[in-house]
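The exercises below are meant to be worked with the sequence and the model open side by side. Try each task before reading its solution.

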Amino acid sequence: MRTLLVALTALVMTALLGPVVMVAHLFGVQQGPTSVYAKAIRLWARCLNAAAGLRIRVHGRSSVDSANGAVFVANHISWYDIFALAAEVPWCSFVAKSELRRIPVFGFAAESAGIVFIDRENRKSAFESYKVAAAEVQRGRAVIVCPEGTRGHDYHLRPFKKGPFVLAIAAQAPIIPTVVYGTREVMKKGSFWVRSGVVDLHFLDPVPSAGCDYEDRGELMTTVWTRMAAVLHDQYGVTTHEPSIAGIGERKE
């Protein structure tokens with residue numbers, strides 16, 4: 001029943017809000033913290049969370065409230081990571097896989113609202129997308145990136161790609177390490193079943209990238225990964241083994 005309610009809510013809210021942001025985009029309505037785009041993203045996410053019976057607990061709210069143009073680096077376990085974050089991070093955008101752009105109505109509406117799509121198989125295209133995202137951050141927007149690249153089957157933190165840290169360096173913006181916990185129990189990878197639950201969002205202290213250059217991307221990445229892994233271990237007993245630290249960034253950027 002919960003799954004059906006979420007599906008109907010997604011269809012209805014996309015049908016209602018999608019045309020609004022598409023028309024706003026076509027008429028050149030400007031982006032901003034109080035824009036129709038920001039309000040539409042948050043309303044869409046909150047409706048999906050309500051349909052799922054989701055209760056969100058925010059830890060480190062000050063890191064969100066004080067951020068004016070930042071890159072939020074989050075772990076990725078479930079589609080509900082995205083909905084939970086979109087409901088709590090104001091004027092946010094996401095770096096999302098290019099396949100989502102092909103979804104009718106949703107794809108163009110998401111692009112109109114400022115979602116940045118990335119082609120993971122095309123490195124040159126991917127870095128062009130990161131340049132677009134960096135420009136959004138410099139305008140004061142929060143851009144949320146999941147550097148693991150795809151959803152995991154459990155909460156163990158996997159190796160990061162370096163691209164999101166290049167984005168932060170290009171924008172000279174702070175990085176907010178973000179730990180999401182509880183979404184796997186709501187909707188796990190490979191399943192369409194949705195269950196109600198509690199989701200914890202941990203927004204950690206910012207990691208500055210001001211003054212860093214391209215050669216510093218690996219150090220930034222390791223710092224962020226280590227802080228996130230520590231929270232997962234200390235708060236939830238999730239241990240990621242040492243070889244994963246050594247393997248950070250070995251995949252394509």
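**Exercise 1.** Which residues do ring pairs link into a cluster?

Solution. The model is a predicted one, in which local features need pLDDT of at least 70 and side-chain atom pairs count only at pLDDT 80 or more, while totals for chains, interfaces and linings use all residues. Residues are numbered from 1 along each chain as its sequence is written, and side-chain values use heavy atoms, with hydrogens and water left out.

Begin with the rule for rings: those of Phe, Tyr and Trp (its six-membered ring) pair if their centres lie within 6.5 Å, and planes under 30 degrees apart count as stacked, over 60 as edge-to-face and the rest as tilted. A search of the whole structure finds seven aromatic pairs. One of them is Y80 with F83, an edge-to-face pair at 4.7 Å centre to centre with 90° between the planes. The cluster that ring pairs link together consists of W44, Y80, F83 and F106.

**Exercise 2.** Place Y80 and F83 in their helix, and decide whether that helix is covered.

Solution. Helices (H or I, at least four residues) and strands (E, at least two) are DSSP runs, numbered from the N terminus. Y80 and F83 both lie in helix α4, three residues apart, which is about one turn of the helix. Next, apply the burial cut-offs: buried means under 20% relative accessible area, exposed over 50%, and partly exposed in between (1.4 Å probe, protein chains only). Y80 is buried at 0%, and F83, at 13%, counts as buried too. For the helix as a whole, nine of the ten residues of α4 (79-88) are buried. Finally, look at its N-terminal end, where S78 acts as a cap, with a side-chain oxygen 3.0 Å from the backbone nitrogen of Y80.

**Exercise 3.** Work out the strand order of the open sheet and name what packs on it.

Solution. Two strands pair if DSSP finds at least two bridges between them. The sheet has seven strands in the order β1-β7-β6-β2-β5-β3-β4, with mixed pairing. Since β1 (54-59) and β4 (116-118) stand at the edges, each has a single partner strand, so one side of each is left without a neighbour in the sheet.

Now follow β3 (residues 92-97), which is joined to β4 by three bridges in parallel, with V95 opposite V116 and A96 partnered by F117. Helix α6 (residues 123-138) packs on the sheet, touching β2, β3, β4 and β5, and its direction makes about 160° with that of β4; contact means heavy atoms within 4.5 Å, and axes are lines fitted to C-alpha atoms, for helices over the stretch in contact, with angles running from 0 to 180 degrees between N-to-C directions. Helix α9 (residues 217-236) also packs on the sheet, touching β2, β6 and β7, at about 30° to the direction of β6.

**Exercise 4.** Which side chains are joined to E136 by polar contacts?

Solution. A polar contact is a pair of N or O atoms within 3.5 Å; within protein, one must be able to donate a hydrogen and the other to accept it, and residues adjacent in sequence count only if both atoms are side-chain atoms. E136, which lies in helix α6, counts as buried at 13% relative accessibility. Its side chain is joined to that of R139 at 2.8 Å and to that of R141 at 3.0 Å.
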